[in-house]
Amino acid sequence: SNLYFLSQLLYNRYSGNILVRLLGVWKELKESPGNSVPVSGLAYYISPPHTVAEIAKDPFHAVLYFAFILASCALFSKTWIEVSG
């Protein structure tokens with residue numbers, strides 16, 4: 001969520017910067033003006049695929065997203081166990 005916000009904010013201000021483009025490239029939706037979705041960059045790869053068709057179209061995105069979620073859960077669980085005793 002924070003990466004989404006930061007990436008979109010930086011892209012709107014400095015869209016030509018290569019480091020900003022690595023964080024995420026955003027495209028405004030035609031059917032919903034004012035709403036943007038990531039189309040490439042780190043923000044795109046940690047966003048969930050919305051349909052099965054998207055998974056079939058870009059399986060690397062789906063695998064990377066699922067790996068990110070599993071790693072985040074594992075890290076949070078490990079930290080929770082260490083803190084709580």
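User: What makes up the lining of the largest pocket?

Analyst: In this predicted model, the largest pocket is lined by Tyr4, Val37, Pro38, Tyr44, Ser47, Pro48, Pro49, His50, Glu54, Lys57, Asp58 and His61. Strand S2 (36-40) and helix H4 (52-57) are the elements that give two or more residues to that lining. The volume of the largest pocket comes to about 260 Å³.

User: Which classes do the residues in the lining of the largest pocket fall into?

Analyst: Six of them are nonpolar, three are polar and three are charged.

User: His61 shows up in that list. Why is His61 called buried?

Analyst: Buried means under 20% relative accessible area. His61 has 2%, so the label buried fits. You'll find His61 in helix H5. If you skip the neighbours within four places in sequence, His61 is in contact with Tyr44, Tyr45, Ser47, Pro48 and Pro49.

User: What are the buried residues of H5, and what covers them?

Analyst: The buried ones are His61, Ala62 and Tyr65. What covers them includes helix H3 (42-45) and H4.

User: How do you know what span to expect for helix H5?

Analyst: You take 1.5 Å times one less than the number of residues. Helix H5 (residues 59-84) has 26 residues, and the expected figure is 38 Å. From its first C-alpha to its last, H5 reaches 37 Å, which is close to that. Just after H5 comes Gly85, with a positive phi of about 95 degrees.

User: On to the rings. How many aromatic pairs are there?

Analyst: The count comes to five. One of them is Tyr4 with Trp26.

User: What makes the Tyr4 and Trp26 pair edge-to-face?

Analyst: Two checks. Ring centres have to lie within 6.5 Å to pair, and planes over 60 degrees apart count as edge-to-face. Tyr4 and Trp26 are 5.4 Å centre to centre, with 85 degrees between the planes, and the pair is edge-to-face. This pair links distant parts of the chain: Tyr4 sits in helix H1 (residues 2-13) and Trp26 in strand S1 (residues 25-28), 22 residues apart.

User: Why does Tyr4 count as partly exposed, and is Trp26 buried or exposed?

Analyst: Partly exposed covers the values between 20% and 50%. Tyr4 is at 27% relative accessibility, so it counts as partly exposed. Trp26 has a relative accessible area of 8%, and therefore it is buried.

User: What makes Tyr45 and Phe60 a pair, and of which kind?

Analyst: Their rings are 5.7 Å centre to centre, with 75 degrees between the planes, which gives an edge-to-face pair. Tyr45 lies in helix H3 and Phe60 in helix H5, so the pair ties together parts 15 residues apart in sequence. Ring pairs also link Tyr44, Tyr45 and Phe60 into a cluster.

User: Why do Tyr45 and Phe60 get their accessibility labels?

Analyst: Tyr45 has a relative accessible area of 25%, so it is partly exposed. Exposed means over 50%, and Phe60 is at 53% relative accessibility, so Phe60 counts as exposed.

User: One last residue: how do you know that Ser7 is buried?

Analyst: Its relative accessible area is 0%, so buried is the right word for Ser7. Ser7 lies in helix H1. Not counting residues up to four places away in sequence, Ser7 touches Leu23, Gly24, Trp26 and Ala43. The C-alpha atoms of Ser7 and Leu22 are separated by 9.1 Å, and these two residues are 15 residues apart along the chain.

Notes
Residues numbered from 1 in each chain as written. Predicted model: local features only at pLDDT ≥ 70, side-chain atom pairs only at ≥ 80, totals over all residues. Heavy atoms only, no water. 1 Å grid on protein atoms, 1.4 Å probe; cavity = no way out; pocket = protein on both sides within 12 Å on 5 of 7 lines; lining within 4 Å. Points joined across faces, edges and corners; volume = space filled by probe spheres on them. Helix = DSSP H or I, 4+ residues; strand = E, 2+ residues; numbered from the N terminus. Nonpolar A, V, L, I, M, F, W, Y, C, P; charged D, E, K, R; others polar. Buried < 20%, exposed > 50% of the residue type's maximum accessible area, 1.4 Å probe, protein only. Contact = heavy atoms within 4.5 Å. Phe/Tyr/Trp six-rings, centres within 6.5 Å; stacked < 30°, edge-to-face > 60°.
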